Amino acid sequence: MKSISLTRFLIEEQREHQHLDADLRLLIEVVARACKAISIAVGKGALGGVLGSAQSENIQGEVQKKLDVLSNDILLEANEWGGHLAAIASEEMDLPHAIPHRYPKGEYLLLFDPLDGSSNIDVNVSVGTIFSVLRCPDGVTEPTAEDFLQPGTRQLAAGYAVYGPSTILVLTTGAGVYSFTLDREVGSFVLTGRNLRIPEETQEFAINMSNQRHWEAPMQRYIGELLAGKTGPRGKDFNMRWVASMVADVHRILTRGGIFIYPRDLKDPSKPGRLRLMYEANPMAFIVEQAGGAATTGRERLMEVMPTDLHQRVPVFLGSKKEVERATAFHLAGG
Ligand code: AHG
Ligand code: MN
Ligand code: MN
């Protein structure tokens, strides 16, 4: 079979579907190019002097790694001059990044988690990049944080790159989910997965069990049933995986099914979850729904949450449809 590059795939998509215009195509290509550069930096590891802390904190009070800062810079530099964007928001920046006046502006807003799973960098475990694309509201020429506060249902595209044994880019523009593997010799992403589908049922779950004592009652009950295995109410054994890089956990679920949960917990009641709505939850929810899965906060559809803050956190339940529906039903029942 002839190999299809990301460039060719996007051009053919543009011909076929009206939802992909030239600027959105350019945007996706530019993000993919930045992901290649990040992949190279990640791959150099200690030889590139990129490991360890940057000695700074982001707005969420998390210590930034050198690669968090480097990946953010790579994505900013790649995206600011192309004329396709109105502004950029990142997990690592307090406020949106305006497009410098010397460059033309476009109609799209780009949001990203430049390096997801950064606690795994120094131990050589998979990390990734997550991105989401929204339209800049009509008539807005200098977008502020408020212009980004749109529900996930308004996303025009979303994707992630996972820097694992191979570098894989997963993408949706609202017409299914496609994956591309980086051909390192040629330097291009090649289509390797079409119309990915998440199996509806699963026997695998992903959760950080160390937080169990802080969970709400419905979570305790739901996971308790999974742990009870064959002799419990579910009548089957479940397996557990937790990479602690959302990209890697979601990628596994996209490949072989599963449920991923980062619930609300009562450890710090000021935080309604660990993961960020705009940079992590929404783009992953879009991808998962497009692959036939489901994504909720445990109580409502994730992509319908009306954001109130660019950096807000949410509980995340996503993956195999039947499992997510079951866990959500437990929460809605409140018991
Ligand atoms: P980030 O590195 O962008 O801050 O995100 C890390 C996230 C996510 O990738 C992962 O699922 C989760 O944090 C891991 O949390 P724990 O350390 O609590 O397991
Ligand atoms: Mn992250
Ligand atoms: Mn991050």
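**Reading two metal sites and two backbone angles**

In this predicted model, Asp113 and Leu115 are both buried.

Colleague: Which protein atoms are the donors of the manganese ion (ligand 3)?

Modeller: A donor is an N, O or S atom within 2.8 Å of such a metal. For the manganese ion (ligand 3), the donors are Glu91 (OE), Asp113 (OD) and Leu115 (O), lying 2.3 Å from the ion.

Colleague: How are these donor residues of ligand 3 spaced in sequence?

Modeller: For the manganese ion (ligand 3), the spacing reads E-x21-D-x1-L.

Colleague: Which residue bridges the manganese ion (ligand 2) and the manganese ion (ligand 3)?

Modeller: Asp113 coordinates both ions, and the two lie 3.7 Å apart.

Colleague: What are the protein donors of the manganese ion (ligand 2)?

Modeller: They are Asp113 (OD), Asp116 (OD) and Glu280 (OE), at 1.8 to 2.2 Å from the ion. The donor residues of ligand 2 follow the spacing D-x2-D-x163-E. Asp116 belongs to strand S5 and Glu280 to helix H7 (residues 277–290), so this pair ties together parts that are 164 residues apart in sequence.

Colleague: Is Asp116 buried or exposed, and is Glu280 buried or exposed?

Modeller: The term buried applies under 20% relative accessible area. Asp116 counts as buried because its relative accessibility is 4%. Glu280 counts as buried as well, because its value is 1%.

Colleague: I should now like to turn to the backbone. What is the sign of phi at Asn124?

Modeller: The general idea is that most residues other than glycine have a negative phi. Asn124 is not a glycine, yet its phi is positive, at about 60°.

Colleague: Where is Asn124 found, and is this residue buried or exposed?

Modeller: Asn124 sits in the loop between strand S5 (108–116) and strand S6 (127–135). Exposed means over 50% relative accessible area. Asn124 counts as exposed because its relative accessibility is 74%.

Colleague: What is the phi of Ala244, and where is the place of this residue?

Modeller: The phi of Ala244 is near 75°, again a positive value in a residue other than glycine. Ala244 occupies the loop between strand S12 (239–240) and helix H6 (246–256).

Colleague: What is the relative accessibility of Ala244?

Modeller: The value for Ala244 is 35%, and therefore this residue counts as partly exposed.

Terms used. Residues are numbered from 1 along each chain as its sequence is written. Chains are lettered from A and ligands numbered from 1 in the order in which they are written. This is a predicted model: local features need pLDDT of at least 70, side-chain atom pairs count only at pLDDT 80 or more; totals for chains, interfaces and linings use all residues. Side-chain values use heavy atoms; hydrogens and water are left out. Helices (H or I, at least four residues) and strands (E, at least two) are DSSP runs, numbered from the N terminus. Buried means under 20% relative accessible area, exposed over 50%, partly exposed in between (1.4 Å probe, protein chains only). Donors are N, O and S atoms within 2.8 Å of the metal (3.2 Å for Na, K and Ca); water is not among the atoms, so sites may look incomplete.
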